[in-house]
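Hi,

Here is the structure I said I would pass on. Have a look at it first, and my notes on what turned up follow below.

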Amino acid sequence: MITQEKYRSKVKKLLADGSVKMVIGYSPGSTADRRRPLFIRSFEEADQLVLDSNCIANLSGYLVTEGLLSDEKRVAIFLRPEGIRSLNILAAESQLNVDQIIIFGFDSIGREVNSLPGEHADEFSEFIGSIKENPPEKSREPLLYQLEQMNPQERFAFWKEEFSRCIKCYACRQSCPMCYCRRCVVDSNQPQWVNTSSHTLGNFEWNIVRAFHLAGRCVGCGNCDRSCPVNIPLRLINAKMSEEVLGSFNHFAGMSTTQEPVLASFKKEDSETFIL
Amino acid sequence: MAKIGVFICHCGENIASKVDCTKLAAAIGEHPGVAVSVEYKYFCSEPGQESVKKAIRDNNLTGVIIAACSPRMHEATFRKVCAEAGLNPYLCEIANIREQCSWVHTDKDMATEKAMDITRSMIEKVKRNNKLQPIEVPVTRRALVIGGGVAGIQAALDIANAGQEVVLVEREPSLGGHMSQLSETFPTLDCSQCILTPRMVEVAQHPKIRLLTYAEVEHVDGFIGNFKVKIRMKSRYVNRDVCTGCGDCMVKCPVKKISSEFDCGLGKRTAIYTPFAQSVPNIPVIDKASCIYFKNGKCKTCMKSCQINAINFDMQDEFIDLEIGAIVVATGFQIQNTAGYGEYGYGKYPDVITGLQFERLATASGPTSGKILRPSDGKEPETVVFIQCAGSRDPSKGVRYCSKICCMYTAKHAMLYAHKVHHGKSHVFYMDIRAAGKGYDEFTRRTIEEDDASYVRGRVSKVWLENGKLMVRGVDTLLGRPVTIPADMVVLATAMVPQPNAIEFAKTIGIAYDEYGYYNEAHLKLRPVESSSAGIFLAGACQSPKDIPDSIAQASASASKVLALFSKETLEREPVVASTNEATCAGCWGCVLACPYNAIEQKDILDRSGRIIKSVASVNPGLCQGCGTCVTFCRSNSIDLAGFTEKQIFAEMMAL
């Protein structure tokens with residue numbers, strides 16, 4: 001709780017001296033172990049700030065809210081390592097000016113919360129590099145191993161079953177920091193590439209499109225997975241895609257604010273096994 | 001209201017034997033929007049083309065489908081037909097019912113059904129086609145020839161003699177390539193140097209040719225008619241503008257025992273050197289790796305000997321930017337490293353040599369002044385064994401293909417050996433004698449019949465040294481028995497392989513290559529000198545193993561393609577270009593990076609007071625090549641490609 005108190009006063013100081021116009025953090029949620037996003041503009045709001053191990057949502061997507069950064073004023077935000085990586089991608093994809101963002105980096109082991117040193121995105125590059133080299137043990141899903149053991153028919157059946165629950169609410173898209181397009185491909189209806197109704201075909205189309213759009217961009221923050229009201233294990237798809245991209249192109253999403261998108265950049269050493 | 005004309009071609013029996021064209025025409029006639037649905041034996045014939053024109057005029061057709069062969073074959077033909085009949089050519093589409101249907105199916109009923117699907121799908125597309133106008137782009141009338149071997153020399157001279165500018169880039173210090181290393185050339189036995197050197201000099205003196213030796217292509221950007229090329233001029237450490245080629249520096253250089261690359265290791269050279277006496281330009285280079293000064297900072301003997309101060313040890317690589325309209329790639333070949341054939345003893349026994357080394361021994365300008373002498377002791381070999389296909393046609397250790405030239409040069413070697421060593425005896429182990437070419441078979445017969453070469457049909461399993469003799473163990477398959485021949489010298493006909501960096505270079509300039517690293521032609525039969533990229537042509541052995549006549553023929557063919565391109569001031573380009581939707585573009589700039597032609601730029605959208613509201617991607621139609629890479633990349637579907645719009649493709653798919 002010391003960390004939380006420290007941040008409350010730090011936030012007040014930043015607001016008071018005008019360094020930032022807003023701080024994006026966490027406040028208590030509807031139950032004891034849930035947290036909801038908090039947008040702090042005043043001292044009163046700063047007093048609601050919570051920082052503990054239950055603060056797991058990746059808040060970086062709020063930074064690209066239309067108009068938030070257009071006045072060129074600065075915003076501070078609480079981010080876990082995955083959040084910093086997605087911030088890097090947003091910067092690399094020209095969605096925000098990273099100099100406007102002050103990062104309060106944190107991580108947690110068990111119930112304990114640690115601050116990460118640094119404020120500017122560039123200061124975390126080395127730290128993110130170390131995550132790439134030594135990924136935390138817990139990070140690989142046991143279910144992934146099971147999926148890999150299946151043959152294509154079994155895997156298809158697995159996902160058909162999972163996707164059959166999809167109600168096309170697009171909560172995954174709404175919560176994902178990478179889904180910032182002004183108009184999503186599913187909302188384009190001339191032509192209507194992706195069926196909007198929630199039958200098997202449309203559900204497959206949507207989820208496969210999303211998987212490809214996140215290839216080389218997903219940082220595994222888990223926002224989509226947690227926001228899914230019907231509990232489709234979306235994290236599995238994206239985690240597998242991340243592994244493929246890392247294995248094939250040595251691309252670890254969100255390494256820096258200047259990282260080139262893996263599917264748009266070409267290197268001579270890229271393997272070309274798929275080109276005839 | 002759409003009025004589509006569908007013209008179903010039998011292509012003789014090619015389509016009609018597997019697709020019931022009458023049934024197809026009747027079924028398609030029922031499809032909504034189809035005004036005409038007819039079949040004919042050959043629509044590409046003159047009466048066929050005329051009937052299409054007549055149908056367009058008589059029925060005021062709004063779109064045309066030719067259900068026939070691949071669009072790569074005849075799309076251009078039928079678009080022209082439409083244009084002549086007054087219909088915008090981009091309202092014509094090809095339904096490929098030959099390559100993608102009749103040729104690949106055996107069941108006539110199912111093939112007919114599939115042909116219906118393919119045709120319907122194209123009808124739905126053409127209903128949504130727009131009238132497009134061709135885009136005109138200027139052509140830079142300057143050609144770049146990459147490689148100064150005989151193919152590059154020929155291409156450069158042909159283009160320059162037609163009055164167009166040429167830049168010839170050669171990475172070695174001198175022009176000449178492999179041909180300058182050869183002794184006499186088959187089948188006429190004229191001296192290689194004697195016929196090549198005058199052409200090298202002609203290149204150097206030609207007012208239309210800019211010769212850049214000891215230079216490499218660093219980077220290629222742009223597209224047909226408008227390439228931007230960066231050339232690295234490697235530092236020679238000798239000022240090419242001042243040097244007179246007197247050769248004093250080479251005489252004085254204290255490092256004299258470097259194995260000469262030009263002589264394939266059979267001769268020596270100095271650290272400051274020209275590859276051979278007739279080098280063009282006759283300007284030496286300093287081999288940095290061997291030069292004493294570069295090793296320990298002392299020497300500069302050459303600099304002291306130079307009377308005009310042409311030597312500069314501080315010289316740096318320089319870069320030249322060129323605007324180029326067309327490129328001829330003539331980067332040549334290498335011979336395969338024979339080290340993999342341990343059983344033949346190459347590298348272990350000095351008297352086992354490659355065919356190229358034999359060339360150096362046989363040439364008057366070579367290290368032995370044209371005498372056939374053994375590298376080990378300098379004696380004349382009494383018996384020479386030639387082993388053909390030492391690498392070629394050997395899927396297990398070498399390459400699968402035939403290197404094409406070895407049968408001929410081995411026959412030539414045996415002949416030259418007979419002419420130079422009258423009492424000598426030669427044996428040639430061969431798999432087949434492949435001597436197809438003008439005067440070629442006569443030449444090999446002459447070697448066998450007049451010059452007494454003994455040809456043994458079979459492979460060699462092993463070469464070993466016994467009592468000072470190289471024992472060659474092989475099989476005579478015609479007699480069905482093993483043979484062992486004691487020899488004084490063994491010559492291996494090593495395989496021709498692509499240059500070691502061929503694939504890397506192909507990626508630099510953006511052309512396709514095959515599994516070996518040879519550059520792919522656009523069509524093996526119909527477009528053998530065009531590469532896969534428009535405006536880049538191929539000449540010589542970089543495409544496949546070739547002898548001198550073939551290389552020269554292809555070089556001249558490439559030159560004629562370049563000249564055809566340069567015959568007009570502007571180039572008419574297909575209007576198949578991308579455009580962006582500014583309202584939905586998210587400005588992630590992935591397309592800018594993905595575009596291989598740098599055709600997409602950032603465009604700021606301003607409000608009335610000049611403030612940037614947002615930045616979006618914008619395509620420059622002059623640069624866009626219509627490849628569609630950006631379309632597939634764009635996550636928000638904010639890019640569309642004229643002629644292949646999403647609506648068209650969606651309709652095509654939905655018709656299936």
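**Salt bridges, starting with a network**

In chain A, a network of salt bridges links A:Arg140, A:Glu148, A:Lys240, A:Glu243 and A:Glu244. Before I go on, keep in mind that this is a predicted model. Searching the whole structure, over all chains, gives 51 salt bridges, and a few of them are worth pulling up on screen.

Start with A:Asp52 and A:Arg35, whose side chains meet in a salt bridge at 2.8 Å, N to O. This pair links distant parts of the chain: A:Asp52 sits in the loop between helix 2 (43-47) and strand 3 of chain A, while A:Arg35 belongs to strand 2 of chain A, 17 residues apart. A:Asp52 has a relative accessible area of 12%, so it is buried.

Then go to chain B, where the side chains of B:Glu93 and B:Lys125 form a salt bridge at 3.2 Å, N to O. B:Glu93 is in strand 4 (residues 92-96) of chain B and B:Lys125 in helix 4 (residues 108-127) of chain B, so the salt bridge ties together parts that are 32 residues apart in sequence. Both B:Glu93 and B:Lys125 are buried.

One more from chain B: B:Arg527 and B:Glu530 meet through their side chains at 3.7 Å, N to O, again a salt bridge. Are the two partners buried or partly exposed? B:Arg527 is partly exposed, because its relative accessible area of 37% falls between the 20% and 50% cut-offs. B:Glu530 has 10% relative accessibility, so it counts as buried.

**Where the two chains meet**

Chain A and chain B bury about 2,100 Å² between them, and 58% of that is on carbon and sulfur atoms. Which three residues supply the most of what chain A buries against chain B? They are A:Arg182, A:Arg183 and A:Trp193, which supply 30% of that area, more than any other three residues. Counting contacts, 22 residues of chain A and 26 residues of chain B take part.

On the polar side, the rule finds nine residue pairs in polar contact across the interface of chain A and chain B, with both residues at pLDDT 80 or more. The side of chain A that touches chain B is made up of eight nonpolar, six polar and eight charged residues.

The rule finds one salt bridge across this interface. A:Glu93 forms a salt bridge with B:Arg635, with the closest N and O atoms 3.4 Å apart. I'd spend a minute on A:Glu93, which lies in the loop between helix 3 and strand 4 of chain A. With 4% relative accessibility, A:Glu93 counts as buried. Its side chain also has a polar contact of 2.5 Å with the side chain of A:Tyr180. Leaving out residues up to four places away in sequence, A:Glu93 touches A:Tyr180, A:Arg217, B:Gly587, B:Cys588 and B:Arg635.

**The nonpolar cores**

The largest nonpolar core has 56 residues, and the members that touch the most others are A:Val11, A:Phe78, A:Leu87, A:Leu96 and A:Phe104. Several elements of chain A each supply at least two residues of this core, including helix 1 (2-16), strand 1 (22-28), helix 3 (81-92) and strand 4 (101-109). For a view from inside, try A:Val11: setting aside neighbours within four places in sequence, A:Val11 is in contact with A:Val23, A:Ile40, A:Ala46, A:Leu49, A:Phe78 and A:Phe104. Another core of 55 residues lies apart from this one, with B:Ile209, B:Val562, B:Val577 and B:Leu641 among its members.

**Chain B as a whole**

Chain B has 17 helices and 36 strands, and its C-alpha trace spans about 90 × 75 × 40 Å along the principal axes. Of its 656 residues, 54% count as buried. For contacts in chain B between residues at least 6 apart in sequence, 69% join residues at least 24 apart.

A last spot to visit is B:Ser37, in strand 2 (residues 34-40) of chain B. Its side chain reaches the backbone oxygen of B:Ala25 at 2.7 Å. Beyond residues up to four places away in sequence, B:Ser37 touches B:Val6, B:Ile8, B:Ala25, B:Ile28 and B:Gly29.

Cheers

Note on methods: Residues are numbered from 1 along each chain as its sequence is written. Chains are lettered from A and ligands numbered from 1 in the order in which they are written. This is a predicted model: local features need pLDDT of at least 70, side-chain atom pairs count only at pLDDT 80 or more; totals for chains, interfaces and linings use all residues. Side-chain values use heavy atoms; hydrogens and water are left out. A nonpolar core is a set of buried Ala, Val, Leu, Ile, Met, Phe, Trp, Tyr and Cys residues joined through side-chain atoms within 4.5 Å. Buried means under 20% relative accessible area, exposed over 50%, partly exposed in between (1.4 Å probe, protein chains only). Helices (H or I, at least four residues) and strands (E, at least two) are DSSP runs, numbered from the N terminus. Contact means heavy atoms within 4.5 Å. Buried area is the accessible area (1.4 Å probe) that two parts lose on being put together, summed over both. A salt bridge is a side-chain nitrogen of Lys or Arg within 4 Å of a carboxyl oxygen of Asp or Glu. A polar contact is a pair of N or O atoms within 3.5 Å; within protein, one must be able to donate a hydrogen and the other to accept it, and residues adjacent in sequence count only if both atoms are side-chain atoms. Ala, Val, Leu, Ile, Met, Phe, Trp, Tyr, Cys and Pro count as nonpolar, Asp, Glu, Lys and Arg as charged, and the others, Gly among them, as polar.
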